[in-house]
Amino acid sequence: FAEFDDAANLLAANPNATTISIDEPAEIPKNKHGRLQQSGREEDDELLGTDDSDKTELLAGQKKSAPFWTFEYYQTFFDVDTYQVLDRIKGSVFPVPGKNFVRLYIRSNPDLYGPFWICATLVFAIAVSGNLSNFFIHLGKPTYHYVPEFRKVSIAATTIYAYAWLVPLALWGFLMWRNSKVMNIVSYSFLEIVCVYGYSLFIYIPTAILWIIPQKVVRWVLVMFSLCLSGSVLVMTFWPAVRDDNRRIALATVGTIVLLHALLAVGCLAYFFDVPEPDFPAPIIPAHNGTTVITK
Amino acid sequence: FAGLSDVSISEDIPVEGEITVPVGSHSPDEDYSTLDEPVRDTIMRDLKAVGKKFVHVMYPKKSSALLRDWDLWGPLVLCVSLALMLQGGSADSKEDGGPQFAEVFVIIWFGAVVITLNSKLLGGTISFFQSLCVLGYCVMPLTVAMLVCRLVLLAGSGTVSFIVRLIVVIAMFGWSTLASTAFLADSQPPNRKALVVYPIFLFYFVISWMILTFTPQ
């Protein structure tokens, strides 16, 4: 590991230098720990705004040099190993305060594997969990006949894929527009925004499975909890990008991001999961002829 | 071209070889003669190839026969029969019933295409149609599960039948996933195997879910 010593010496001599490491696929297992150590020192620089976004764009340009009609161009978006995907998922579930998800985990290697398959899993998790929860809620009733509700799969797929692709598109366009007006903003490429949104949806998968529990309080606590976790990932990613802008626009942007995320969660809960029966004891109402009738 | 006339072959180097081209001895069938054979032979050859692949799926060991001579007849037959058996549920009258025929068809074929593209994008070395062939043939245990489920549902639809169906579907789901992983795992780069296996798991899980939630009218 001679190269780590060189890099450490250089960095010790000039602590403010931002170090760039170009990914080489053959050396990834060897260099993994070294690069994460270097990234720890880089984070403070980058969060302060001395960004390497232009260097990031250069690196991105160097990587994706194949023309867009060849298969190799799209292979560059799937250049991730298993441990990298697992690290990114871990980073989205346990957000470290102060650390930027894009800088820490994506590091100019955005992938489309995570967003696509997390969305696919979420679609089926919501549809299956909704179906199961409705089955358990209506189980005892004599008039209930179980239906698989297969239509809801296509509705869930449309909603989630639209959210995971159109909202990043709108946000990217908005950030590009603000970037042209106010200089010195940390800027993300479209794929990095799609990546952040895709990985931030991961926490909703266990949430959807736990929504099978037919208790209103439990469901809303789950909504709040998952919204805080994934919302904080999004906020910590996009706050440095709008911080230098007009105060009200920055707050409105971050507020809209969180609001749309909350709308997705609440909308899925309301549409796919029937309201559970209330669990307070049934009131006793006296009937006309004197006998008491218990209604539910 | 003056120099060429000086080329002389020395007398002690023997010049030998075969002038005749070997007639297709490396391929099992000789192309120019299948035109004259009876139609029965042609059909039986293809049927035997399909049957051999079904046997390979039933006892999955790493053999390259499934990969080398791919065909899509088996997947088509399996997909159509599975989609037909999933009809006749509570789908026909109400809005939110089970999947329609076209939905099952699209899920199986589109799902197989997406998984194949995924494995190729991640750097797999398998060809497109070979992967479609393997994924399609490995739907066979789930088709058997569907048949068993329909037979069990004829007997009754209480809790006991549900438990029986659950066990059968889970067993066949595991079989399908293991069989397709046994065939496809070798062609993937080693540090991305889990990334390729997970979508296959999801694909067979969705098909198993459709089979398990089938309720007759």
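These questions and answers cover chain A and its contact with chain B in a predicted model.

Trainee: What pattern does chain A follow along the sequence?
Mentor: Chain A comes to 12 helices and 2 strands. The strands stand at the end of the order. Read along the sequence, the pattern is α-α-α-α-α-α-α-α-α-α-α-α-β-β.

Trainee: Over residues 153-177 of chain A, how far apart are the end C-alpha atoms?
Mentor: The unreviewed UniProt entry annotates 153-177 of chain A as a transmembrane region. In the model this stretch is 100% helix and 0% strand. Its end C-alpha atoms are apart by 36 Å.

Trainee: And over residues 249-273 of chain A, what is the helix share?
Mentor: The same UniProt annotation covers 249-273. The end C-alpha atoms there are 35 Å apart, and strand is 0%. Helix takes 96%.

Trainee: How much area do chain B and chain A bury between them?
Mentor: The contact takes 33 residues from chain B and 25 residues from chain A. Carbon and sulfur atoms account for 64% of the buried area. The total is about 2,700 Å².

Trainee: Which residue of chain A forms a salt bridge with E103(B)?
Mentor: Between chain B and chain A the count is 3 salt bridges. In the one with E103(B), the closest N and O atoms are 3.3 Å apart. The partner is R151(A).

Trainee: Which helix of chain B gives the largest share of the side that touches chain A?
Mentor: Helix 4 (101-121) and helix 8 (193-212) of chain B each supply at least two residues of that side. The largest share is 10 residues. It comes from helix 8 of chain B.

Conventions: Residues numbered from 1 in each chain as written. Chains lettered and ligands numbered in written order. Predicted model: local features only at pLDDT ≥ 70, side-chain atom pairs only at ≥ 80, totals over all residues. Heavy atoms only, no water. UniProt positions renumbered as here; feature names shortened; annotations may be inferred. Helix = DSSP H or I, 4+ residues; strand = E, 2+ residues; numbered from the N terminus. Contact = heavy atoms within 4.5 Å. Buried area = accessible area lost by both parts, 1.4 Å probe. Salt bridge = Lys/Arg side-chain N within 4 Å of Asp/Glu carboxyl O.
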